[in-house]
Amino acid sequence: MLVAKNLYKSYKEVHALNNVSLSVQEGELYGLLGPNGAGKTTTINILTSLLKPNSGEILYHGKSLFENLNQCKKMIGVVPQEIALYEELSAIENLKFWGTLYGIKGKQLQQKTEELLSFLGLSDRKNHKIKTYSGGMKRRINITAALLHDPKIVFMDEPTVGIDPQSRNLIFEVIQELHSRGLTMIYTTHYMEEAERLCDRIGIIDEGKIVAEGSLENLKKASTIKEEIHVKFTNAPKEDLLNINNSFPNQVLVQENQLVLSTSQANTDLPKLIQLCTNANLPLEHLQVKNLSLESIFLELTGKSLRD
Ligand SMILES: Nc1ncnc2c1ncn2[C@@H]1O[C@H](COP(=O)(O)OP(=O)(O)OP(=O)(O)O)[C@@H](O)[C@H]1O
Ligand SMILES: [Mg+2]
């Protein structure tokens, strides 16, 4: 459905995208996972024609995006990272505005608006001004606006950042429902849990490059890490934890009174870790060996934490 080849984009001296290629099949939910500044929004903006790449090719059903702009744009829905709504207008009025831009009118627009507001759980607030909405509700209106013209592919740029858990769960349910109806979606996030939970395939992006791509299962298979050792301390100075970090280069994530060690050999790394903790007089509160997560795969590939 969508093929992007060798995309480059610089903003003056910043190389935001450095040879990004990806393809998305019909009906697929593709996740772009990466930390702040990785190039997620730049990728979305280029794939949706808001931004021109310095070079590279984008094809929708084999046709070039920039040579068939109008035709391609009809297929595309975008939920931008920045909320794009008129605060002084009600939800209905905002959606009418967007609908008119897409060329939808009259009864058809009204029907579609009502149907989508109900789908996103906002029917009872539809006549209220946007400025009275919570962040999560605004985000849901943004999703509604992106769906008005029945797009074939929808891009969602970090749709759950900074919102309440209720809206977040509702958005997950909506995405899963849209996925089960066969809509093609590209979803960006810096939350590995979201990518793990929602996406058929995940592209891990860092510093403008896709450093790995595949289903969660395939990413795990390709990783040399087999397990994660999670250790919680009653009270551990950060300095001591960072010292442990030095004994396992690129394998340890340090948080407050906690560390996670990614390992391909728990049988030798676990005793070594316990010995280091004992030597440093660090009282262990809890220790658990878990299956690996995207977080350790990201650490393995980039040498840093997704949460930095
Ligand atoms: N308009 C711009 N002018 C200059 N530099 C930019 C501009 N937009 C983005 N950048 C830079 O390009 C790089 C990629 O930014 P981008 O917004 O695509 O990242 P992102 O993955 O979406 O990050 P976030 O998770 O913070 O949304 C960053 O280094 C950013 O500072
Ligand atoms: Mg972004």
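**Ligand shell, sheets and hairpins**

The shell around ligand 1 is a mixed bag, with five nonpolar, six polar and two charged residues. The model is a predicted one, and the ligand site is a handy place to start. Of the 13 residues around ligand 1, the ones that come nearest are Gly-37, Lys-40, Thr-41, Thr-42 and Gln-81. In terms of secondary structure, helix H1 (40-47) gives the most to this shell, with three residues. Three polar contacts to oxygen atoms of the ligand can be picked out here. The side chain of Lys-40 places an N or O atom 2.8 Å from an oxygen atom of ligand 1. From Gln-81, a side-chain N or O atom sits 2.9 Å from a ligand oxygen, while Gly-39 uses a backbone N or O atom, also at 2.9 Å from an oxygen atom of ligand 1. Taken on its own, ligand 1 has 630 Å² of accessible area, and the protein covers 62% of that. Two elements give two or more residues to the shell, namely strand S2 (14-24) and helix H1 (40-47).

Zooming out, the chain splits into domain 1, spanning 2-220, and domain 2, spanning 224-291. Their centres, taken over C-alpha atoms, are 38 Å apart.

Strand S2 turns up again in an open sheet of four strands, ordered S2-S1-S4-S5 with antiparallel pairing. S2 and strand S5 (63-64) are the edge strands here, each pairing on one side only. Further in, strand S1 (residues 2-11) runs antiparallel to S4 and is joined to that strand by five bridges. Within this pairing, Tyr-8 has Ser-55 of S4 as its bridge partner. On to the next pair: strand S4 (residues 55-60) meets S5 through two bridges, again in the antiparallel sense. Tyr-60 is found opposite Lys-63 of S5, and Leu-59 has Ser-64 of S5 as its bridge partner. S4 and S5 make up a hairpin with two residues between the strands, and in the turn His-61 adopts a positive phi of about 50 degrees.

A second hairpin, formed by S9 and S10, likewise has two residues between its strands. Here Glu-207 is the residue with a positive phi, near 45 degrees. Strand S9 (residues 201-206) and strand S10 (residues 209-214) are antiparallel and share five bridges. Ile-204 is matched with Ala-212 of S10 as its bridge partner.

Another open sheet, also of four antiparallel strands, follows the order S12-S13-S11-S14. Its edges are strand S12 (252-255) and strand S14 (284-291), each of which pairs on one side only. From one strand to the next, the twist averages 15 degrees. Inside this sheet, strand S11 (residues 227-233) and strand S13 (residues 258-263) pair antiparallel over six bridges. Ile-229 takes part in this pairing, with Leu-261 of S13 as its bridge partner. As in sheets generally, strands pair through backbone hydrogen bonds, either parallel or antiparallel.

Notes: Residues are numbered from 1 along each chain as its sequence is written. Chains are lettered from A and ligands numbered from 1 in the order in which they are written. This is a predicted model: local features need pLDDT of at least 70, side-chain atom pairs count only at pLDDT 80 or more; totals for chains, interfaces and linings use all residues. Side-chain values use heavy atoms; hydrogens and water are left out. Domain bounds come from an automatic or database domain assignment. A residue is near a molecule or strand if one of its heavy atoms lies within 4 Å of it. A polar contact is a pair of N or O atoms within 3.5 Å; within protein, one must be able to donate a hydrogen and the other to accept it, and residues adjacent in sequence count only if both atoms are side-chain atoms. Accessible areas come from the Shrake-Rupley method with a 1.4 Å probe; for residues, only the protein chains shown count as cover. Ala, Val, Leu, Ile, Met, Phe, Trp, Tyr, Cys and Pro count as nonpolar, Asp, Glu, Lys and Arg as charged, and the others, Gly among them, as polar. Two strands pair if DSSP finds at least two bridges between them. Axes are lines fitted to C-alpha atoms, for helices over the stretch in contact, and angles run from 0 to 180 degrees between N-to-C directions.
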